[in-house]
Amino acid sequence: MSIRHWQAWAWRLAILSVLWWAISGGDPASWAWGVPAIVAAAVLMPTFNWHLRPMALLLLIPHALWLALRGGLEVAWLACRPSLNLNTRVVEHPWHYLPEGPAQLFMASLINLVPGTLALRLASGSLQVHVLNLHDDTPASLVRLERRVAALFGIAIDKET
Amino acid sequence: MTEALHWLGYAFVAAGILFFLAGSLGLLRFPDVFTRLHALTKADNLGLGLICLGLALQASGPAEAVKYLLIWLLMLVASGIGATLIASTALACGLAPRQADRPPSTSTSQRPTEQ
């Protein structure tokens, strides 16, 4: 039983308790059912063998919200303007930093938040991205996002490009 | 104070409804399944986020507010993964994304004019 193991358990129980508190509306009587449910969920939950950096996660959340806001604004504008002239492309985003596995999957779902991009297919060496309206800086912003995800998963970044 | 929060909540909900309208317009106007997914994942997620935020501001207690935000978070995860699954399935079924390789006949330049 390492410290890390106990830490993971503490996190799990804390997050599940907050969830129960929110779902039950903070009713004190509900904890009679809540505590067994929380413990059962914590035991049955699949274990993850990867760890997120808490600081990087805190930094990523406002950035992801900002991206969601810009993405929504851009699509809303494109849908509402009179001329439907889209510069739609499919681009290949080669993986610079992330290894195969959960980090790539996380990035692929996050890409759907970046203004105007949609993850099409996860290939071994690259990610196919559907771009609604291609700008000059779209590929660069994908690389920037990948760097952030690498920081989140604690992956070392070589300094090339 | 509570009064002000209530009105701020209404403003957020109204803004969210506008994004839902824009997303639905995109769903109708965009040319193929991939571009339509953009409309659904981006505009509607933002619209739902604003509505949930507006309702959270009007909530009777912190637990209820957290519940609204939780709804949005689960929606974000579900629609992000769902959009990619639909897109890759469409691709595997042989639907090719429509691309702007040559400019459409109505336009004179390929570059988007606004930045």
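Author: Two strands pair if DSSP finds at least two bridges between them. Keep that in mind as we go through this predicted model.

Reader: What makes strand 1 and strand 3 of chain A a pair?

Author: Strand 1 and strand 3 (residues 126–131) of chain A share six bridges, in the antiparallel sense. The cut-off is at least two bridges, so the label applies. For one spot to look at, find P94(A), which stands opposite S126(A) in strand 3 of chain A.

Reader: How do you know that strand 2 of chain A pairs with strand 3 of chain A as well?

Author: By the same test: DSSP has to find at least two bridges, and strand 2 and strand 3 of chain A have five, again in the antiparallel sense. L122(A) has L127(A), in strand 3 of chain A, as its bridge partner. A hairpin of three residues links strand 2 of chain A to strand 3 of chain A.

Reader: Why are strand 1 and strand 2 of chain A called edge strands?

Author: Each of them pairs on one side only. The sheet is open, with three strands in the order 1-3-2 (chain A) and antiparallel pairing. From one strand to the next, the twist averages 30°.

Reader: On to the helices. Why is helix 3 of chain A called roughly antiparallel to helix 5 of chain A?

Author: Helix 3 (residues 54–80) and helix 5 (residues 138–152) of chain A pack at about 150°, and their axes are 9 Å apart. Angles over 145 degrees count as roughly antiparallel, so helix 3 of chain A gets that description relative to helix 5 of chain A. The crossing of these two helices of chain A is left-handed.

Reader: Which residues make the contact between helix 3 and helix 5 of chain A?

Author: Helix 3 of chain A brings A56(A), L57(A), L60(A) and H63(A), while helix 5 of chain A brings R148(A), A151(A) and L152(A). Sorted by class, the contact of helix 3 with helix 5 of chain A has five nonpolar residues, one polar and one charged.

Reader: And what makes helix 1 of chain A oblique to helix 2 of chain A?

Author: The axes of helix 1 and helix 2 (residues 31–44) of chain A cross at roughly 135° and come within 10 Å. Roughly antiparallel needs over 145 degrees, and roughly perpendicular covers 65 to 115. The angle of roughly 135° fits neither, so helix 1 of chain A is oblique to helix 2 of chain A. Here the crossing is right-handed.

Reader: Which residues of helix 1 and helix 2 of chain A are in that contact?

Author: From helix 1 of chain A there are R12(A), L13(A), L16(A), S17(A) and W20(A), and from helix 2 of chain A there are G34(A), A37(A), I38(A), A41(A) and A42(A). The contact of helix 1 with helix 2 of chain A divides into seven nonpolar, two polar and one charged.

Reader: How many residues of chain A are in contact with chain B?

Author: 33 residues of chain A are in contact with 37 residues of chain B. On the chain A side, helix 3 gives the largest share, nine residues. Other elements of chain A that supply at least two residues include helix 1 (3–23) and helix 4 (102–111). By class, the side of chain A that touches chain B has 19 nonpolar, 12 polar and two charged residues.

Reader: Where do the domains of chain A lie?

Author: The domain assignment gives domain 1 (3–44) and domain 2 (54–152) of chain A. Taken over C-alpha atoms, the centres of domain 1 and domain 2 of chain A are separated by 33 Å.

Key. Residues are numbered from 1 along each chain as its sequence is written. Chains are lettered from A and ligands numbered from 1 in the order in which they are written. This is a predicted model: local features need pLDDT of at least 70, side-chain atom pairs count only at pLDDT 80 or more; totals for chains, interfaces and linings use all residues. Axes are lines fitted to C-alpha atoms, for helices over the stretch in contact, and angles run from 0 to 180 degrees between N-to-C directions. Helices (H or I, at least four residues) and strands (E, at least two) are DSSP runs, numbered from the N terminus. Angles under 35 degrees count as roughly parallel, over 145 as roughly antiparallel, 65 to 115 as roughly perpendicular and the rest as oblique. A crossing is left-handed if the near helix is turned anticlockwise from the far one by less than a right angle, and right-handed if clockwise. Two residues are in contact if their C-beta atoms, placed from the backbone, lie within 7 Å. Ala, Val, Leu, Ile, Met, Phe, Trp, Tyr, Cys and Pro count as nonpolar, Asp, Glu, Lys and Arg as charged, and the others, Gly among them, as polar. Domain bounds come from an automatic or database domain assignment.
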